[in-house]
Amino acid sequence: MQKFAVFGNPIDHSISPKLHNMAILKLNLDAFYGRILLQNGENLKETFLKLGLNAANITLPFKLDAFKICDFLDEAAKNIGSVNTIVLKDKKFHGYNTDALGFYKAILEFGEIKKALILGAGGTTMAMSYILAKNGVKFDILNRSEKSQNFKAENFYTYESFCENFGLNFKNLDKISSQNFKISDYDLIINSTSAGLKDENLPAPKEILDMILPNAKFAFDAIYGKITPFLALAKKHNLKTKDGLEMLVNQAVLAFNLFYDNKFSEAEISKFMHEAENLK
Ligand code: NDP
């Protein structure tokens with residue numbers, strides 16, 4: 001029997017076991033996928049080996065720990081600096097990052113995207129940046145604080161520098177009517193912050209969002225399972241919207257196929273995993 005698991009902390013919310021076990025069941029495979037609550041990322045390798053796993057997914061906050069224990073890395077993992085999928089082959093740890101492609105496949109269906117704005121500058125933004133740049137999509141990043149990483153963005157803005165770039169004073173934004181001032185640079189606005197996950201916060205000041213959303217076409221939120229304040233605002237501005245569920249399922253499909261050496265069709269795995277999701 002093949003043994004797989006997802007490592008994280010917290011982990012009880014993870015729907016990965018449901019997705020993978022449904023694919024295992026439908027494909028009639030001799031395998032099982034569990035979830036492991038890990039206290040310390042330093043124990044990842046030892047726990048993986050002790051449990052006799054063949055492969056695993058890694059979620060927050062251990063993607064960097066996973067990156068560090070791998071003997072081989074795929075191009076995406078190397079560039080992004082984090083690993084969400086590990087496969088043990090010939091006693092060597094092979095590390096992959098399927099978040100990036102999972103995200104890109106999810107936004108492809110929107111239509112043509114010439115320029116995007118990513119809100120947030122954490123680990124998920126690193127994955128999004130890599131895949132947008134790789135596919136020639138221009139993008140800027142807007143984050144509440146400065147960051148030192150190189151995101152391959154055309155521009156990295158804080159709220160203050162973003163306003164300055166568009167000839168606005170951040171401190172007087174409430175006095176500017178968003179009806180009269182609209183920023184038209186972006187087709188797609190992405191929420192890659194955790195604002196809206198466990199609270200009702202917007203990922204950037206409403207005054208800024210009210211200036212950029214009216215001229216954009218699409219809004220994507222990495223958060224799934226709820227209509228976040230960001231998606232609600234985007235809908236109010238008549239944008240086509242999508243939450244993070246498809247990104248999550250896509251990364252699971254890609255990971256599952258890595259577990260099995262790309263033996264199965266992505267479309268088939270995806271169909272089975274979506275059936276599992278419908279059980280929710
Ligand atoms: P990180 O902790 O690495 O980064 C969080 C980012 O959000 C930082 O840029 C942080 O700003 C910003 N932020 C947090 N709170 C606020 C707020 N109230 N207002 C404005 N900005 C805020 O998180 P990740 O990049 O790992 O995850 C980001 C989101 O993506 C999460 O909601 C996560 O659930 C989701 N996700 C979805 C996946 C999917 O498959 N659908 C996969 C992975 C993640 P600062 O830098 O100033 O602290």
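**Close-up views of a predicted model**

In the first view, an oxygen atom of the ligand lies 2.6 Å from an N or O atom in the side chain of Ser 145. The structure is a predicted model, in which local features need pLDDT of at least 70 and side-chain atom pairs count only at pLDDT 80 or more, while totals for chains, interfaces and linings use all residues. Residues are numbered from 1 along each chain as its sequence is written, and side-chain values use heavy atoms, with hydrogens and water left out.

**View 1. Polar contacts of the ligand (pairs of N or O atoms within 3.5 Å).** Besides the contact with Ser 145, a nitrogen atom of the ligand is 3.0 Å from a polar backbone atom of Gly 244, and an oxygen atom of the ligand is 3.5 Å from a polar backbone atom of Leu 248. Taken alone the ligand exposes 930 Å², of which the protein buries 78%; these areas come from the Shrake-Rupley method with a 1.4 Å probe.

**View 2. The shell of residues around the ligand (each with a heavy atom within 4 Å of it).** There are 24 residues around the ligand, and Ala 121, Thr 124, Ser 145, Lys 147 and Ala 222 come nearest. Helices α6 (123-134) and α10 (245-259) each supply at least two residues of this shell, where helices are DSSP runs of H or I with at least four residues and strands are runs of E with at least two. By class, the shell has 11 nonpolar, 11 polar and 2 charged residues, with Gly counted among the polar ones.

**View 3. The second largest pocket, with a volume of about 220 Å³.** A pocket is an open set of points on a 1 Å grid over the protein atoms alone, where a 1.4 Å probe fits, with protein on both sides within 12 Å along at least five of seven lines, and its lining residues have an atom within 4 Å of a point. The volume is the space filled by probe spheres set on the points. Of the 15 lining residues, Asp 74, Ala 76, Asn 97, Thr 98 and Leu 101 are the closest to the centre of the pocket. The lining divides into 7 nonpolar, 4 polar and 4 charged residues.

**View 4. An aromatic pair, Phe 103 and Phe 220.** The whole structure holds 13 aromatic pairs, meaning rings of Phe, Tyr or Trp (its six-membered ring) with centres within 6.5 Å. The ring centres of Phe 103 and Phe 220 are 5.4 Å apart and their planes stand at 70°, so the pair is edge-to-face, a label for planes over 60 degrees apart. Because Phe 103 lies in helix α5 (residues 99-108) and Phe 220 in strand β11 (residues 218-221), the pair ties together parts that are 117 residues apart in sequence.

**View 5. A cis peptide bond between Asn 9 and Pro 10.** Omega is about 5° for this bond, and Pro 10 lies in the loop between β1 (2-8) and α1 (16-26).

Key
A polar contact is a pair of N or O atoms within 3.5 Å; within protein, one must be able to donate a hydrogen and the other to accept it, and residues adjacent in sequence count only if both atoms are side-chain atoms. Rings of Phe, Tyr and Trp (its six-membered ring) pair if their centres lie within 6.5 Å; planes under 30 degrees apart count as stacked, over 60 as edge-to-face and the rest as tilted.
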